[in-house]
Amino acid sequence: MITKNLNPSQLEAVLHNNGPLIVFAGAGTGKTKVIVHRIARLLFFDTVPYFILAVTFTNKAAAEIKMRVTNLVPEVKQNVWISTFHSFCTYFLRTEYQKINLNQNFLIYNSYDQKNVIKECLFELNIDENKFKPSTVADKINHAKNNLKTSHVMTIEAKNIGDIFSTTISDIYGLYQKKLSRANALDFGDLVMYTVFMLQEYPMLLEYYQEKYKYVIVDEYQDTNYAQYILIKLISERYKNICVVGDDDQSIYSWRGANISNILNFKNDYPKSKIIKLKQNYRSTPKILSTAYRVIRNNNSRIDKQLWTKNSDDGSVEILKSKNENDEASKIIDFILLNIRHAKYNFSDFAVFYRTNAQSRSFEDAFKRSKVPYIIIGAQKFYDHAEIRDIIAYLKFIHNPKDDIIFKKIVNTPKRGIGKMSIKMLEKIAIDKDISLLEAIPFINNLNKKDVVTSLNFFSQFIKTLLELKDSVCIKEITEKIVAYLGYLKEFKTENTFESQRKIENIKELISAIVDFEKYSSSKLLADYLTHVALMNDTDFIDESNGKVTLMTLHLAKGLEFNSVFICGLEEGLFPIKESILNPEALEEERRLMYVGMTRAKKYLYLCWSAERTIYGKTKRNIPSRFIIESELKNEDSSQYEVGTLVLHPTFGKGKITERIGTGDDLKLIILFENKQEKKILVKIARLKLL
DNA sequence: TAGCCCGGCGTTTTT
DNA sequence: CGCCGGGCTA
């Protein structure tokens, strides 16, 4: 039955009928289970499937909910709308595009495209890239859109403030929007912002969607930004059957617009709302939970909820001190090997978390050297590889050959002698005749640079061929033509390095991903494939972590769990990171990040810090992170009893540690004493001294 | 036009 | 320490 195997709070959330509901779901308390069962319960009590809208942040989460709902209620899977915010908005805009000046086939620009557009804006507006870094400008524009601020509004605001920075940003924003609309493209921020604007502007439309989605469910509500918050508010305004699930203690994305007050103020937004807190944890030991609680309780902006568990209190929580980052890495590897040898653990039971990607290097070196299998998550994503990006850019251009931004990106890729000057000339022609850059190519003939003209004509011919094939041939075949044209496979084969080998594999993977798309997607249109790439680009590490130690940043760890977790670099200035230390709000977010990391552990949790660390070539001495202090662990510092260390035992005398077994209070050492006798010693009772 | 060298810079990342 | 981007040179 749908209500089977639920604890009382979970059951209450699942059975709650109409009206606003907020579920504070602590780490490991069965959040997804509640969402899935709630959807199933609505369906079971005769709610029409297409009345339900469930939104999440990642495709992974959406896919999991969908899968589990399908398992519970197989017959209705297609009709409940479960997707990310961005997928939902894309669907909305492609359906309702006529109301605003939008072309249904709009392309979604990713952050690379976005930066290219911004660079062009800077160039045209004669703004120094060093004073206005494209990434900063992108942040500002995204931030504005997350807060539903158009360039127009921003311009007015900037005039009121009157400083150069704001006016410049608003100028760039204005030109940027013009360029996007000329290219028939929307960025991620536009998707949500335009959806909200349309719903606000057209009451009939709003009413239609309010009637369509009588039940709204939002996952990870603590991560919503203002635009998303308004979107949800609008749609659920009529029936107020809004159910939000989240954990304020796990809000770690304020720097990309998430607003923790959305979850903290829910009860003010919806005065009659039901509040349920899920506090029974099914993941960790009491030790881990109480340690994590001692840390998180230092935050002020939170709603108090102390997790508890019926799990047995085995395992341990320990502090691990190292000399430097290499020592840190090798100590951790020693621990892992020791545990693998003495317990029935697999490498994939272990995870190493760090605050910054730069820290992964020393681990990578050490893991390679020790031959312990490992995987670094998030280092480079599939669609970030240059060769893949190039191919996708060609596909985007085939989709819209009028897109001058993409044109400039691919016209000289691979290098074929078309430089800045030639492009400038093309641009002049294009502006004169009010045509696209591609259309301008035939007019460049009267030039004396023969090579450039030949190259351009060859390029243009190739694009024409593809455009003619576009409607008769599948995406896979077009892609293969592009790959052949780029000459990548040959080039990489001749290079024949480890890296080029990988590139060939990437291209093959892309082709097979396209084959998959054409096989399983309801649409076979290039436009829909490009949407798919823009929105669902997580060719995830799905089962690649099997049999390997997982290394990743703390941000990426949210939602996952491991038997043993090492949180590394717990030093003031690194974690919490130096930029956050003087800002109380940022510091609280660092603490939440720490909390997220700690609550990933099922049995063993190691808090690691290093007295010395070399970052960017500079070596600095460190003091332990305040989070270690706040954890109030007795620093029994068992890590001082390393293999190879010399110790003095009150009865057996001098000896050398040859092996470590167990951890915490159970730590036993095998010691080879001077009389050649080997003994197993329980550290807790033996009064060992270091030599 | 392309390739090389030098200087600046460095938190986290999904859609 | 290593990457990226700008400017200079062949």
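Are F335 and Y606 buried or exposed?

1. Both F335 and Y606 are buried (under 20% relative accessible area, 1.4 Å probe, protein chains only). Keep in mind that this is a predicted model, where local features need pLDDT of at least 70, side-chain atom pairs count only at pLDDT 80 or more, and totals for chains, interfaces and linings use all residues. Residues are numbered from 1 along each chain as its sequence is written, chains are lettered from A and ligands numbered from 1 in the order written, and side-chain values use heavy atoms, with hydrogens and water left out.

2. On to the rings. Rings of Phe, Tyr and Trp (its six-membered ring) pair if their centres lie within 6.5 Å; planes under 30 degrees apart are stacked, over 60 edge-to-face, the rest tilted. That rule gives 37 aromatic pairs. For F335 and Y606, the centres are 5.0 Å apart and the planes at 75 degrees, so this pair is edge-to-face.

3. The F652 and F673 rings have centres 5.3 Å apart and planes at 40 degrees, so they count as tilted. F673 is buried, at 3% relative accessible area, while F652 is partly exposed (between the 20% and 50% limits) at 32%.

4. There's also one aromatic cluster made of W81, F88, Y91, F92, Y208, Y209 and Y213.

5. What surrounds DNA strand C? The residues around the strand (a heavy atom within 4 Å) are K119, E129, Y616 and G617. Sugar and phosphate make up 27% of the strand C atoms that come within 4 Å of the protein.
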